[in-house]
Structures are given as C-alpha cells and as structure tokens.
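Visitor: Mind walking me through this one? I'd like to start with the overall picture and then get into the interior.

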Amino acid sequence: MTVKRNILLGAMLLASGGLAQAEMMATTVNDLNVRSGPGPQYPAVGLATRGSTAVLDGCIEGSRWCRVDVNGMRGWVYADYLQVDRGGTPVIVEQHRAEIGVPVVTYESTASVVPADPQPAPGDELLGPVGAVETITPPETVRTYIETNPADTVQLGGEVVVGAEVPADVTFQSIPDYEYRYARINDRPVLVDPGTRRIVYVYQ
C-alpha cells in the first residue's frame, strides 16, 4: 500500500510540475524577421508571417528581444510584435511582461556572429507599435528613384516591418508624383505614409 501510494504521489507531483512548466504560446501580429540573435544586426533565419503561432521561451531582461520557436525556426523577434492570450483578450507581450510572467532568457554572442551595425543607445528612439495599414505595391519607378537618390540611414530599435510607426524626429524624403515618402531605417529602404508615419512598404 505504501509503495502504491508513493508511486501515485510521485505521478501527481510530476503532473503538477508539467503544468507549471507549460509552454507560453504567442502569436505574431505582423510579418517579421526571425533573427539569429537579439538585434537587427543579426542575420534573419526566416520570416514569420502574420498570425503565426510561436512558442515563447522568454525575453532578455531590460531588452525587447524574445526567443521563440515559430514555423520550424528558432530565433529572436521583437516583443512589440508578439501577443498572448490573457483571459480571453490578446495583449502585446512587451506591454504586459510582468503580468503574464514572461520568463527571462540570456544570450551569449558567438565568434561566428559579430554585430556590425551601430546599435541604438538606451535613450534612442524606437519604432512604435505595429498598426493596420493598407497594403501597397509601389511602381518600379519608385525603386529607381530611391536607388538614384539614396538617403542617410537612421538607426532605430526594433524590427523594420510594415505597420511600424516611425518616430516624429525622423525626416522623410519626398518622391516626385507619389503620395508616400521614403526613408532608410537600419539600412532598409522603406515607404512611409506621411499622415500616420507608419511604414507601408519595406524593400528587401
């Protein structure tokens, strides 16, 4: 009897431990790059499309970068572009990290990955939250204009994705006979709606 009781008790403890270690599931709120390290300077390992389900390992303390498994890829994405279900309501991970109990993870750079691009300082501007924008397909003449009239790149924190809001102090460049403006953010040419300051197209 004692042996059976101990076995049963052990099984109950294992079960409760399994529940405590349940995976945290998240959903991507937009198309975004999954990167090999926590920063825009690390190469992308693939693209997670909007609405993809991701297993959230955790986020770096004091940083907006989180490690996920999504669509068969393991890498890093920005916490502002992940949402989780909290009592039936979807909430953005970055805005509710404490309440939803996001685990803390760490990252150690390897010799094969050397950050090359300048990184935003702690007080620098960050790309704002992602919002809904109209999908556009710019004419080829716009790409030609951008290539022949390069703008200085602006370094901002976060992923350069469609729908992200560009800070007020970033200057846009006009394109002749075209409603959208042009900027180069983190060395990526983007088209921006000057009214909402949201990115409407990212050139690859």
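Guide: Sure. A residue is called buried when its relative accessible area is under 20%. Keep in mind that this is a predicted model.

Visitor: What share of the 204 residues in the chain is buried?

Guide: The cut-off to apply is under 20% relative accessible area. Over the chain's 204 residues, the buried portion comes to 43%.

Visitor: And how many helices and strands does the chain have?

Guide: Both kinds of element turn up here. The tally is three helices and 13 strands.

Visitor: Which cysteines does the disulfide join?

Guide: A pair of cysteine sulfurs has to lie within 2.5 Å to count, and that rule gives one disulfide. Its sulfurs sit 1.9 Å apart, and the link is right-handed, with 90 degrees about the S-S bond. Both partners are buried. They are Cys59 and Cys66.

Visitor: Which residues touch the most other members of the largest nonpolar core?

Guide: That core holds 42 residues. Val93 is one of the top five, and leaving out residues up to four places away in sequence, Val93 touches Leu56, Cys59, Ala79, Leu82, Gln83, Val84, Ile100 and Val102. So Cys59 of the disulfide is among the contacts of Val93, counting heavy atoms within 4.5 Å. The full set of top residues is Leu56, Val93, Leu127, Ile185 and Ile199.

Visitor: How many residues does the second core have?

Guide: This core is separate from the largest one. Its members include Val142, Ile146, Ala151 and Val200, and the count is eleven residues.

Conventions: Residues numbered from 1 in each chain as written. Predicted model: local features only at pLDDT ≥ 70, side-chain atom pairs only at ≥ 80, totals over all residues. Heavy atoms only, no water. Buried < 20%, exposed > 50% of the residue type's maximum accessible area, 1.4 Å probe, protein only. Core = buried A, V, L, I, M, F, W, Y, C linked by side-chain atoms within 4.5 Å. Helix = DSSP H or I, 4+ residues; strand = E, 2+ residues; numbered from the N terminus.
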